[in-house]
Amino acid sequence: MSVSGLNRIEKKAAFSLASVFGVRMLGLFMILPVFAIYGEQLVGYSPIWLGLAIGAYGLTQALLQIPMGILSDKFGRKPVILAGLLVFLIGSIVAAMSETIYGVVLGRAIQGMGAIASAVLALAADLSREEQRPKVMATIGMFIGLSFTFAMILGPIVAESFGLSGLFWFTGLLTIIAMFMIKFMVPYSVNKAPRGDNVALPEQISTLIRHPQLSRLNWGVFILHMALTACFVTLPKQFVESGLALESHWQIYLPTLLGSFFLMVPFMIIAIKKQKEKAMFSAAVTLFALSLFLLWLLPMGLGSLIFSIVLFFTAFNYLEATMPSILSRIAPAGVKGSVMGIYSSSQFLGAFVGGIIGGFIASQYGEQMIFLAMALASVIWLLLTFGMQQLKKSKSFSFATTITCEEKADEIAEQLINMPGVIEATLVHTEAVAYLKVDDKTVNLAEIKALLQSQT
């Protein structure tokens, strides 16, 4: 088995699907750095409705990720992704044409109903070999991170030139571009990745929600995105009040985000080279909590804001990039789709709750208290990290088999688990598929394939 690199189809799938994901997330993120200011011009404005408008998409995203993934199993990936993008486009138009905060909330909720993440990830799995799939997923993750960075920069520029409605029209244009990319750039496929390997299975959800290690990551991503959304209920206003005009905010976001990427490199080097992943993860959560305490404590001034925001995004970027990797390594063999479905729902639900809590705290206790509340939530997350197990280096693979008998499946699974480098082996004879978690430094994948293919 060659594991040298992506083939032509995998490269095309990785770039096109990552671009679609990035373009769509760019449209969602662009509201964050500007809505706290422009939202005040809408009829019916209040801090609570402001928070709801920022986070509304998260609720519908959280509710529909898994159902949309299952629909993509039944009706095909591309039709479901295109339908989701069309719904997102409709939501963008509704928000763009609204002059009231209520209409914008409705538009944002409709945007969230176009929940294509699970279907896109499933298509990425369909179009990649099991040994190359992590590279494709990593490319998608990188584009999501880049889209957030570009959104922080583009949002204030577009809003200053075209207003809040122009921001939503621009988002709609990006969505149309994404639809053309899905139609004409993304390769066609027949589903070949096992369902449990890429799309969440409802019957397994409750068991995985209770999984002690996975639940720590789910709560973590919930708190991470809750804090992000809640803080942007007030951060843009604080920049303006400290003397920085909205159209100049990109001059802060660009060096701040770039600086945070450089500052997170030491975390990654120590985690990987020194095998201190658990310690660095806890350190990043500590830094995240510290940045929020500083935003609450320090006197409001441009210098102190920038310092705190650099720390905030250093921790945020490291945690956002690290958690999916950890998740894939501790997920039980064969249920990556289910695990990612719960994780994605937790992420989007956190964004929704963050908007609600941020708006509520701002209206009842003042905007500065948002930072204290999120700092305390981050401390709870830090306590949860202490129970994380030390991570083992592993990769997950899935292989087609011809085994349809339970006794034979048990026999082969026993042989597999005794092979060097095999950490976990699961054979699902009803699906004719083998799921393995392995140490790729010591495992012999060719030997495993030979064993599975010899069973007739």
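**Charges**

I began with the charges of this predicted model. The protein has 30 positive and 25 negative charges. I looked up the mean position of each set, and the two lie 5 Å apart.

**Overall form**

I went through the secondary structure next and noted 19 helices and three strands. The radius of gyration is 22 Å, and the globule rule gives 23 Å for 456 residues, so the protein is as compact as a globular protein of that length. I also wrote down the span of the C-alpha trace along the principal axes, which is about 70 × 45 × 35 Å.

**Surface and contacts**

How much of the protein counts as buried? I found 57% of the 456 residues in that class. The exposed surface comes to about 18,500 Å². Carbon and sulfur atoms supply 68% of that surface. I then took the contacts between residues at least 6 apart in sequence, and 83% of these join residues at least 24 apart.

**Helix α1**

I turned to helix α1, which covers residues 8-29 and has 22 residues. From its first C-alpha to its last, α1 reaches 31 Å, close to the 32 Å expected at 1.5 Å a residue. I checked burial here too: 17 of the 22 residues of α1 are buried, so the helix is largely enclosed by the rest of the structure.

**Y57**

I looked up Y57 in helix α3, which runs over residues 47-75. Is Y57 buried or exposed? Its relative accessible area is 7%, and buried means under 20%, so Y57 is buried. Leaving out residues up to four places away in sequence, I listed what Y57 touches: L28, R108, A109, G112, F348 and A351. I also took one distance, from Y57 to G91, which is 34 residues away in sequence; their C-alpha atoms are 9.7 Å apart.

**Q61**

Q61 is also in helix α3. I read a relative accessibility of 0% for Q61, so this residue counts as buried. Which residues is Q61 in contact with, beyond its neighbours within four places in sequence? I noted R24, Q111, G112, G114, A115 and F348. G112 and F348 are on the list for Y57 and on the one for Q61. For a distance I took Q61 and K276, which are 215 residues apart in sequence. From C-alpha to C-alpha they are 34 Å apart.

**M268**

I moved on to M268, found in helix α13, residues 265-273. The relative accessibility of M268 is 31%; partly exposed lies between the cut-offs of 20% and 50%, so M268 counts as partly exposed. M268 and Y318 are 50 residues apart along the chain, and I found 7.7 Å between their C-alpha atoms.

**E40**

My last residue was E40. Where is E40 found? I located E40 in the loop between α2, residues 35-38, and α3. The relative accessible area of E40 is 43%, so this residue is put down as partly exposed. Leaving aside neighbours within four places in sequence, I listed Y45 and K237 as the contacts of E40. The pair E40 and I101 is 61 residues apart in sequence, and the C-alpha atoms of the two are 8.8 Å apart in space.

Key:
Residues numbered from 1 in each chain as written. Predicted model: local features only at pLDDT ≥ 70, side-chain atom pairs only at ≥ 80, totals over all residues. Heavy atoms only, no water. Helix = DSSP H or I, 4+ residues; strand = E, 2+ residues; numbered from the N terminus. Rg over C-alpha atoms; globule rule 2.2 N^0.38 Å. Buried < 20%, exposed > 50% of the residue type's maximum accessible area, 1.4 Å probe, protein only. Contact = heavy atoms within 4.5 Å. Areas by Shrake-Rupley, 256 points an atom, 1.4 Å probe, with all protein chains shown as cover. Lys, Arg positive; Asp, Glu negative; His and termini not counted. Charge placed at Lys NZ, Arg CZ, Asp CG, Glu CD. Expected span 1.5 Å × (residues − 1).
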